[in-house]
Amino acid sequence: KRMENGYSVVVLNDGLAVLKSPEQSINDGYMDREANIGNNVTIDPKAKGIVYYCASENPKTIVKLDTTKDVKDWQTEVLDIPNNYANIRNLRLDLSGNFFTFDSNGEFVVLNRDNLQEVQKLPKLYGGILGDDGKIRGIDERGHMVIYDANFQEVAQEADKRRIARIAQGL
């Protein structure tokens with residue numbers, strides 16, 4: 001995946017590399033030896049130099065890499081996933097950048113980006129993926145292709161209401 005800042009994210013069998021140019025050696029770029037990332041790499045649509053990725057099998061964390069600074073100042077932040085998932089496939093951020101989405105064992109899962117709390121789950125949706133058009137596509141239990149029109153703005157408003165209610169309860 002090519003980022004707007006000119007870097008490319010390359011997924012390898014044994015990790016993830018971020019390179020300035022195709023000619024650059026992997027040893028000269030940024031390298032994280034997180035194994036089994038697969039297609040679980042996404043770039044924040046609102047902060048184009050922020051990359052998120054996680055392991056495909058038994059993931060416990062999502063890693064956030066900020067590439068907006070000079071390479072020597074790049075740092076990762078490890079975000080703990082509060083729920084257990086046997087696997088994660090097709091990790092993506094929605095177009096607003098507020099929600100992570102992925103497929104896990106026949107369920108399409110939506111997590112709040114800020115706290116990684118599960119906000120929605122579509123059961124029996126296999127191979128689910130969020131497209132660039134904001135629609136969720138997958139295969140239902142009968143083997144039919146289905147398309148859901150996701151309304152993440154509505155989900156974000158509901159999450160804000162719950163957050164405000166929790167704050168008010170704490171006062």
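User: What share of the area that the protein chain exposes do carbon and sulfur atoms supply?

Analyst: The model is predicted. In it, the protein chain exposes about 9700 Å². The part of this area supplied by carbon and sulfur atoms is 46%.

User: Which radius of gyration does the protein chain have, and why does it agree with that of a compact globule?

Analyst: The C-alpha atoms fill a box of roughly 50 × 45 × 30 Å along the principal axes. For 171 residues, a compact globule would have a radius of gyration near 16 Å. The value for the protein chain agrees with this, because it is 17 Å.

User: How many helices and strands does the protein chain have, and what percentage of its residues count as buried?

Analyst: The secondary structure consists of 1 helix and 14 strands. A residue counts as buried when its relative accessible area is under 20%. Of the 171 residues, the portion that counts as buried is 42%.

User: Is strand β8 mostly covered or uncovered, and how many of its residues are buried?

Analyst: Strand β8 spans residues 89-93 and is mostly covered. Of its 5 residues, the number buried is 4.

User: In which sense do β8 and β9 pair, and which residue in β9 is the bridge partner of Leu-93?

Analyst: Strand β9 covers residues 99-104, and β8 pairs with it over 3 bridges in the antiparallel sense. The bridge partner of Leu-93 in β9 is Phe-100.

User: Which residue takes a positive phi in the hairpin of β8 and β9?

Analyst: The hairpin has 5 residues between the two strands. A positive phi near 80° is found there at Gly-97.

Technical notes:
Residues numbered from 1 in each chain as written. Predicted model: local features only at pLDDT ≥ 70, side-chain atom pairs only at ≥ 80, totals over all residues. Heavy atoms only, no water. Buried < 20%, exposed > 50% of the residue type's maximum accessible area, 1.4 Å probe, protein only. Pairing = 2+ DSSP bridges. Rg over C-alpha atoms; globule rule 2.2 N^0.38 Å. Areas by Shrake-Rupley, 256 points an atom, 1.4 Å probe, with all protein chains shown as cover.
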